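Trainee: I should be grateful for a close look at a single part of the structure shown below. Please choose the part yourself, and then explain how it is placed within the rest of the chain.

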Amino acid sequence: MAACAFVSLAMQGRAETFHLDKILLIFFTGGLLAWIVVLPVARLLTRRRSAETRFAAHFALLSLGTIAATAFLFAMDYRLFYAQWHHPFGTRIWAYQFVFTAAGAVYQFLVMGLRLYLPVGLPILAGASLWLARSMPPYMR
C-alpha cells in the first residue's frame, strides 16, 4: 500500500512532499494491520465455499479492512497533532474533542487519502484476492 501511495503521489507530481515518509509509513502500517486482521477472518468466513465466493470475500474484506485500518492510523496521527490544544484526558470536553477530531480526520482521509490507492492498488487487490482464493488450504475448501 505504501508503494501504491508513492506511485500515485509521483503520478500527481506530489512525491516531493516533506511528509512523504510519514504518509508512506501510515499506508504501509495500515495495509499490514489490515492483512494481519482480515486474512484469518476472510478464511474463516469462506470455509467450504466456491472460489468465486472466496475471491469476493477477500476482495471486499481486504479493501474495507485496509481503508479502515489506514483511516484509523491517520486519525490517531491527526489526534496526536491536535492533542496539545485539547482539554485534559478523561474530561467530557476531551471526549467530544477526541471523537470529533477523529471523525474529521477519517472524513479527510476518505476525501483525500483514498485516491492514493488508485490506479495501482486496484489491480494489486484483485491479484491478491485471486491468489488468496486459489491458495486456500484444501481442508478449508
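Mentor: Among contacts in the chain between residues at least 6 apart in sequence, 71% join residues at least 24 apart. The model is a predicted one, and every value that follows is computed from it. In secondary structure the chain has 5 helices and 0 strands, and the order of its elements from the N terminus is α-α-α-α-α. Along the principal axes, the C-alpha atoms occupy a box of roughly 55 × 40 × 20 Å. Of the 141 residues in the chain, 34% are buried.

The part I have chosen is helix α2, which covers residues 20-45. Helix α2 has 26 residues and spans 36 Å between its first and last C-alpha atoms, close to the 38 Å expected at 1.5 Å a residue. Its course includes a kink of about 30° at V38, and the proline P40 follows shortly after that position.

The next topic is burial along this helix. L20, L24, I26, F27, G30, G31, A34, V38, L39, A42 and R43 are the buried residues of α2. V38, the site of the kink, is thus listed among them, as is the charged residue R43. What do these residues pack against? The buried residues of α2 pack against α1 (2-12), α3 (51-82), α4 (92-113) and α5 (121-134).

T29 also belongs to helix α2. Its relative accessibility is 30%, and T29 therefore counts as partly exposed, as that value lies between the 20% and 50% cut-offs. Although 40 residues separate T29 from A69 in sequence, their C-alpha atoms are 8.2 Å apart in space.

Let us turn to the partners of α2, beginning with α3. The axes of α2 and α3 are 7 Å apart, and the two helices pack at an angle of about 140°. At that angle α2 and α3 are oblique to each other, because roughly antiparallel is reserved for angles over 145 degrees. Their crossing is right-handed.

The loop between α2 and α3 contains R48. R48 has a relative accessible area of 55%, and this residue is therefore exposed. Its phi is near 60°, a positive value in a residue other than glycine. This deserves a second look because most residues other than glycine have a negative phi.

Helix α3, a partner of α2, also packs against α4 and α5 in its own right. With α4, the angle is about 130° and the axes are 8 Å apart. That angle makes α3 oblique to α4, and the two cross in a right-handed sense. On the α3 side, the residues that meet α4 are I67, T70, A71, F74, A75, M76, Y78, R79 and Y82. Their counterparts in α4 are W94, F98, T101, A102, A105, V106, Q108, F109 and L110.

With α5, helix α3 packs at an angle of about 135°, and their axes are 8 Å apart. This places α3 oblique to α5. From α3, the contact involves A51, R54, F55, H58, F59, L62 and S63. From α5, the contact involves L122, L125, A126, S129, L130, L132 and A133. The crossing of α3 with α5 is right-handed.

Helix α1 is likewise a partner of the buried residues of α2, and C4 is one of the residues in α1. Is C4 buried or exposed? C4 counts as buried because its relative accessibility is 2%, and buried means under 20%. Apart from neighbours within four places in sequence, C4 is in contact with L116, Y117, V120, G121 and I124. C4 and Y78, by comparison, are 74 residues apart in sequence, and their C-alpha atoms are 21 Å apart.

The loop between α4 and α5, two further partners of α2, holds P119. L118 and P119 are joined by a cis peptide bond, with omega about 5°. Most peptide bonds are trans.

To draw this together, α2 is a 26-residue helix with a kink of about 30° at V38. Its buried residues pack against α1, α3, α4 and α5, and its right-handed crossing with α3 is made with the axes 7 Å apart.

How values were computed: Residues numbered from 1 in each chain as written. Predicted model: local features only at pLDDT ≥ 70, side-chain atom pairs only at ≥ 80, totals over all residues. Heavy atoms only, no water. Helix = DSSP H or I, 4+ residues; strand = E, 2+ residues; numbered from the N terminus. Expected span 1.5 Å × (residues − 1). Bend = angle between axes of the 7 residues up to and from the residue. Buried < 20%, exposed > 50% of the residue type's maximum accessible area, 1.4 Å probe, protein only. Contact = heavy atoms within 4.5 Å. Axes fitted to C-alpha atoms, helices over the stretch in contact; angles between N-to-C directions. Parallel < 35°, antiparallel > 145°, perpendicular 65-115°, else oblique. Left-handed = near helix turned anticlockwise from the far one by under 90°.
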